[in-house]
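Hello,

Here is the structure for you to look at. My notes follow below it.

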Amino acid sequence: MTALLATQALCKSFGPLVVTDHVDFVLWPGARHALIGPNGAGKTTFVNLLTGNLRPTSGTISLLGEDVTSLSFDSRVRKGLVRTFQINQLLMALSVLENVQLAVLERERVGSRPLPAVAVQRRAAEEALDLLEAFGLAEVALDRVATLPYGRQRLVEVVVAMAMRPKVLLLDEPAAGVPPSDSRKMMELIGSLPGDMAVLIIEHDMDLVFRFAQEITVLAQGAVLCQGNPGQIVDNPLVREVYLGTQSHG
Amino acid sequence: MNSSLKASIIDAHQRRDRLHPYEVLPWLTAALIFFLFPQFLNLGAHVLVTIIFVLSMDLLIGYAGIVTLGHAAFYGAGAYAAGILCVSAGINEPFTGLAVGTIVGGVVGILSGLMILRTRGLALLILSLALLLLLQEAANQASAWTGGADGLSGMSMAPLFGKYRFGLDGKVIYLYSLGVLFVCWLFLRMLLATPFGRSVVGIRENAVRMAAIGANVRRRELAIFTIAAAMAGLAGALAAQIDQFVSLNMLSFELSGMVLVILALGGVSRLYGAFLGTPVFFIAQDYLSKDNPVYWNFWLGLLLVAIVLFARGGVLGILARGFGRMRLQPAASSALSQARS
């Protein structure tokens, strides 16, 4: 089995500050992997390196066995590496439906077509509406995203990513800012991701992490502190010290 | 949710791109002016040409979200291309001149786009202005071709379709300009509804999001920038032909600024903002300068301040708010309220 996503000795420093320190990381097909660590551990930087939003100082990143270290963010997306953002990145003035429809069109590689494509656009809108319906968002399909409460926008952010049918999906704190009323829906959404998709989640909500993850990597000061299944992580004294403190979670 | 309800949601979504009955209004007005006000046809032709130029600017500012001050560069390039083609090369067939002006505008557009689209915001604004001033000075220096500060005169256009002469009554230039505007409008109407056109709007809304769904943002921006530049070049070539004269003013910062003012007056990102703003600007200019030929800019400035403070979206914005409630079609809104219950 080849790894879907792998890094070797990945490093990133801003001046003298090392934020990613020789990280070796592998994501297998079907993985349900969580990345945790205290604030400032370099989780978001690491994700930005994986996606190409940032360039590493040294080390390599490979996607489906191919070295993508020098590829741009959008070309990695076209190869199947899709992410969501910690802070929503949506097309606020457009409808919920069109946010998802545009993702379908880009996935189908027709997003740059400068000729009328009414039938193609209609099919994409239908697929988008089906997806929205599956997650209880069909009734707001025609509303502008800006009019939705933040928690629901958060769901749209994940639905847009799903519409891309990624091979690897990186979820950057999907539950951040989601009120309890919508967080069950978010869990459902994340739980319903296809089994062969590799999913990496960065999350502070330990309930979500332990419910979702089969594998956990703990990052501290830019380096991998330890990695294992949830049981091993909870029992690891190092993790308790740097991350969980004296409280016990899970 | 049943399938007919879904279909009506999709229909409501797709309906945005269809033609609305009110879209006949500008053309009806243009036809009425032709028959009722023959004394205004020369002015009318200039209004029509300016609308094309403003439309091309709206494509950049309103749809792609790229704010520049250098858009006159492409207008002027198209104008000089058509002028030099006629005066120096002796090719005076109007449509050939339009084609050459469009191509030259597009080529200047792609070259400057490659430079300035690497930047954003204020840097882009200043770079676009710098390129415009460079081009203006180049045109000033190349006086053997351009006539320099005296302008390029001596253009004499061949009859349109080999038949209709550019007479003094303005009939031919009016209909010529109207025809070109109509083709440009049709093209934009089509382009903005395509996946490419919608993705450009997506980039305006959030470039990070568009990259995150796999769009090559830089390439799309360059494409729309080139299209807008080509259309500005077309407008410049048309202006040169109907005036049979090209001046350095067509490459000026003031002209870029005027187009921005017109867009603010009419309404940005609405296509019809150009159709409303341009005549409002010309009429205001005419009316205000009659009163005071030196300080009429003061009143125009005051009008602009009022619009920006109290009526964002320009004249069209005011109209849209009035008719806003009629926007959502009855079928779709009832379908949705049914879905919500």
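Let me start with one residue in chain B. Leu276(B) sits in helix α13 (residues 272-291) of chain B. Keep in mind that this is a predicted model. The relative accessibility of Leu276(B) is 26%, so the residue counts as partly exposed. Setting aside residues up to four places away in sequence, Leu276(B) touches Val315(B), Leu316(B) and Leu319(B). Leu98(B) lies 178 residues from Leu276(B) along the chain, and their C-alpha atoms are separated by 25 Å.

Now a residue in chain A. Leu81(A) belongs to strand β6 (residues 81-83) of chain A. Is Leu81(A) buried or exposed? Leu81(A) is buried, because its relative accessible area is 2%, and under 20% counts as buried. Beyond four places in sequence, the contacts of Leu81(A) include Leu5(A), Leu50(A), Leu63(A), Val168(A) and Leu170(A). Thr51(A) and Arg76(A) are also among them. The C-alpha atoms of Leu81(A) and Arg165(A) are 9.5 Å apart, with these positions 84 residues apart along the chain.

Next, chain B as a whole. Its secondary structure comes to 16 helices and 0 strands. The radius of gyration of chain B is 21 Å, and the globule rule gives 20 Å for 341 residues, so chain B is as compact as a globular protein of that length. The C-alpha trace of chain B spans about 75 × 50 × 45 Å along its principal axes. Of the 341 residues in chain B, 51% count as buried. Among contacts in chain B with a separation of 6 or more, 80% join residues 24 or more positions apart.

On the surface, chain B exposes about 15800 Å². Carbon and sulfur atoms supply 68% of that area. Chain B has 23 positive and 14 negative charges, and the mean positions of the two sets are 15 Å apart.

Last, confidence. The model scores ipTM 0.92 and pTM 0.91. Chain B averages a pLDDT of 89, and 94% of its residues score at least 70. Among the elements of chain B, helix α11 (residues 217-243) has the highest mean pLDDT, 97. Helix α16 (residues 330-340) of chain B has the lowest, 51. Where in chain B does pLDDT stay under 50? It does so over residues 325-332 of chain B, for which the model has 4 contacts beyond four places in sequence. Where pLDDT is low, the predicted coordinates should not be read in detail.

Best regards

Terms used: Residues are numbered from 1 along each chain as its sequence is written. Chains are lettered from A and ligands numbered from 1 in the order in which they are written. This is a predicted model: local features need pLDDT of at least 70, side-chain atom pairs count only at pLDDT 80 or more; totals for chains, interfaces and linings use all residues. Side-chain values use heavy atoms; hydrogens and water are left out. Helices (H or I, at least four residues) and strands (E, at least two) are DSSP runs, numbered from the N terminus. The radius of gyration is taken over C-alpha atoms; the globule rule is 2.2 Å times the number of residues to the power 0.38. Buried means under 20% relative accessible area, exposed over 50%, partly exposed in between (1.4 Å probe, protein chains only). Contact means heavy atoms within 4.5 Å. Accessible areas come from the Shrake-Rupley method with a 1.4 Å probe; for residues, only the protein chains shown count as cover. Lys and Arg count as positive and Asp and Glu as negative; His and the chain ends are not counted. The place of a charge is taken as NZ of Lys, CZ of Arg, CG of Asp or CD of Glu. pLDDT is the predictor's confidence in each residue, from 0 to 100.
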